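Here is a short tour of a protein chain, meant to be read with the model open beside you. We will start at one pairing of residues and work outwards from there.

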Amino acid sequence: MAKERRKSSARREKEITFQERVIQIRRVSKVVKGGKKLSFRAIVVIGNERGQVGVGVGKASDVIGAVRKGVADGKKHLIDIPLTKANSIPHPVNGAGGGAQVMMRPAAPGTGVIAGGAVRTVLELAGVRNILAKQLGSNNPLNNARAAVNALSTLRTFSEVAEERGIPIENLYA
């Protein structure tokens, strides 16, 4: 019985294995009475490549601690995104985060992830395989990653829209 429990918990851990990628590590300083206090800020994207993704920020006096805090923060801010059969998004969407804006459009199978910088990392870890994306405005990695997550969080499937409107899904395509 105990052996079965161990197997099932190990199976669950395999199912929800999250990958993490560090987008940026920056050395930041704070001026205090005694001089400057140096610390590190890590921006981390975490995702399971099956429709879950999150962006986290961690600050610590060492890089490893900052990355660890970033991963923990990313797990707190996970979002679920709907993916189509072609591993794309259901409809075009825009997102904003700070001064950054991101535009995303679904793409045909075989297109790949056409995006740059932090947005590309977010999309890859979310499990999106075919998409067109463009960063507009700021090129700040943190704001672009947050804008991408913001855009992905507003996605809705056709069945959700039909349910909200109270009509059959066939009427949406008419």
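Gln52 stands opposite Asp80 of strand 4. This is a predicted model, so please read every value below as computed from it. The pairing belongs to the junction of strand 3 (residues 52-60) with strand 4, where two bridges join the antiparallel strands.

Stepping back, strand 3 and strand 4 are part of an open sheet of four strands, ordered 1-2-3-4 with antiparallel pairing. Its edges are strand 1 (19-32) and strand 4 (79-80), each of which pairs on one side only.

At the other end of that order, strand 1 and strand 2 form a hairpin, with two residues between them. Their antiparallel pairing runs over 13 bridges. One of the partnerships to look for here brings two arginines together: Arg26 has Arg41 in strand 2 as its bridge partner.

The two pairings described so far can be set side by side:

| Strands | Sense | Bridges |
|---|---|---|
| Strand 1 and strand 2 | antiparallel | 13 bridges |
| Strand 3 and strand 4 | antiparallel | two bridges |

What lies across these strands? Helix 4 (residues 141-153) lies across strand 1, strand 2 (35-47), strand 3 and strand 4. Relative to strand 3, helix 4 runs at about 150°.

Just ahead of this helix is a residue worth a visit. Ser138 sits in the loop that links strand 8 (131-137) to helix 4. Is Ser138 buried or exposed? Its relative accessible area is 23%, and because buried requires a value under 20% and exposed one over 50%, Ser138 counts as partly exposed. Leaving aside residues up to four places away in sequence, Ser138 touches Gly99, Ala100 and Asn144. Ala100 is 38 residues from Ser138 along the chain, yet their C-alpha atoms are separated by 4.5 Å.

Now for the chain as a whole. It has five helices and eight strands, following the pattern α-β-β-β-α-β-β-β-β-α-β-α-α along the sequence. Its C-alpha atoms fill a box of roughly 70 × 55 × 35 Å along the principal axes. Of the 174 residues, 36% count as buried. Among contacts between residues at least 6 apart in sequence, 54% join residues at least 24 apart.

Finally, a look at surface and charge. The accessible surface of the chain comes to about 10600 Å², with 50% belonging to carbon and sulfur atoms. The chain carries 29 positive and 13 negative charges, and the mean positions of the two sets are 11 Å apart.

Conventions:
Residues numbered from 1 in each chain as written. Predicted model: local features only at pLDDT ≥ 70, side-chain atom pairs only at ≥ 80, totals over all residues. Heavy atoms only, no water. Buried < 20%, exposed > 50% of the residue type's maximum accessible area, 1.4 Å probe, protein only. Contact = heavy atoms within 4.5 Å. Areas by Shrake-Rupley, 256 points an atom, 1.4 Å probe, with all protein chains shown as cover. Lys, Arg positive; Asp, Glu negative; His and termini not counted. Charge placed at Lys NZ, Arg CZ, Asp CG, Glu CD. Pairing = 2+ DSSP bridges. Axes fitted to C-alpha atoms, helices over the stretch in contact; angles between N-to-C directions.
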